[in-house]
Amino acid sequence: MKNIKYNKTLAVQILIFLFLAILFLISLKPSESRNKNMTKSALLNSKYEISKISIFNKSTGQLDLIQYDSFWGGIYTKEEKSVYFPARKKIIDEFIDYSKKIIDLNKIVSLKSSQKEIEKTYKTYALDEENQIALSFFDKSGQCISKIYFGAMNQSLDQIFIRTDKNLAVFSVDSKIADYLEIKPDFWCEPNLIPEGIFKSSAFSEIQNFSYRTDFSDFINASETAYDKFLSLRFSEIVTDFVPKEKTLELRLSDGTGTEYHADFFSARTKNGDCYIFSLKITPSMLFSKDAGEFLKKINYSCSISQWTYSTIIENLKKRP
């Protein structure tokens, strides 16, 4: 009797083991499937030195980030109007470094059907021409060495769908890259009133001139305190739609190389209310390359600054040298 009972117990244990083994094998299949559809790659080959980045969306416009000498310049274009501005080298370097990082590339769907079905699939993932964001990297020779299209994110917002011209498939990657897919210039623009990526002086003793006027009288030399404070101040946002009022302040600054910065301040009305508008014109010295100098002459961005920032400038300018 004991043997019969023992055999029954053993049989039950074997059945349980086989059942669990089958469950384990079944659970492996989706994982194997996922592994087949997952590869590791970088959005940008690390061997390339990048001299230009272009980000384009049909409705938002186009942003070009271009390296000139030791600084980066930005051009935002929409409806044939362009805003030229100094760009933040630190953010651009972070973007390039991230794009060269090896990441997981998950294949969502392969496309082998008709052009109509391909277009339908792209639209499903917001990878059609109307919705996608096209990101292009250019090397030092001006050749486009990588072009990637970005679409919608998944429901959990941790993956973003992508495609390329070289592969008829839809992939997904970590959505962190979306932080850098900003087309409007505020994210990319150098925030200091005098862009430190272009400005070649720091000590007050190294500059050639720092003067101001609040009316149509002669310019007055400003103090070292006013100079140091002015270099630390930042604008709020780039504005293109505003109604300017009277000019309230003009500043002139010449750095140690002879590059001149002409800053104008206006009171103005914007969609967000009344504020002060800061605009900057740069006359480059001969030390810049031809292309860099031509870009600097085209800088035409206008920025809003707070009442506090404007009052701080005026307060410090009134302090005598």
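## Exercises on a predicted model

Six bridges join strand β7 to strand β8 (residues 144-153), and the two run antiparallel. Before we start, note that this is a predicted model, in which local features need pLDDT of at least 70, side-chain atom pairs count only at pLDDT 80 or more, and totals for chains, interfaces and linings use all residues. Residues are numbered from 1 along each chain as its sequence is written, and side-chain values use heavy atoms, with hydrogens and water left out.

**Exercise 1. Find the partners of β7 on both sides.**

Step 1: Fix the terms. Strands (E, at least two residues) and helices (H or I, at least four) are DSSP runs numbered from the N terminus; two strands pair if DSSP finds at least two bridges between them.

Step 2: Look towards β8. F137 stands opposite S146 in that strand. The hairpin of β7 and β8 has four residues between the strands, and G142 takes a positive phi near 90° there.

Step 3: Turn to the other neighbour. β2 (residues 50-57) pairs with β7 (residues 133-139) in the antiparallel sense, over six bridges. Here K52 has F138 as its bridge partner, while I53 has F137.

**Exercise 2. Decide whether the residues of β7 are buried or exposed.**

Step 1: Take the cut-offs. Buried means under 20% relative accessible area, exposed over 50%, and partly exposed in between (1.4 Å probe, protein chains only).

Step 2: Count. Seven of the seven residues of β7 are buried.

Step 3: Sort them by direction. I133, L135, F137 and D139 point one way, A134, S136 and F138 the other way, and all are buried. In a regular strand the side chains alternate between the two faces of the sheet.

**Exercise 3. Place β7 in its sheet and find the edges.**

Step 1: Write down the order. The open sheet has 10 strands, β1-β6-β10-β9-β8-β7-β2-β3-β4-β5, with antiparallel pairing.

Step 2: Read off the ends. β1 (38-41) and β5 (81-87) are the edge strands, each pairing on one side only.

Step 3: Inspect one residue of an edge. K81 is found in β5, and K81 is exposed, with a relative accessible area of 64%. Its C-alpha atom is separated by 9.9 Å from that of G61, 20 residues apart along the chain.

**Exercise 4. Work out which side of helix α2 is buried.**

Step 1: List the buried residues of α2: I91, I92, F95, I96, Y98 and S99.

Step 2: Look down the axis. These buried residues fall within an arc of 165° (taken from the directions from the helix axis to the C-beta atoms), so they line one face of the helix.

Step 3: Check the opposite face. The exposed residues K90 and D97 sit on the face turned away from the buried side. An α-helix has 3.6 residues a turn, so residues three or four places apart point the same way.

**Exercise 5. Put the whole chain into numbers.**

Step 1: Count the elements. The protein chain has six helices and 17 strands.

Step 2: Note the burial. Of its 321 residues, 44% count as buried.

Step 3: Look at contacts (heavy atoms within 4.5 Å). Among those with a separation of 6 or more, 60% come from residues 24 or more positions apart.
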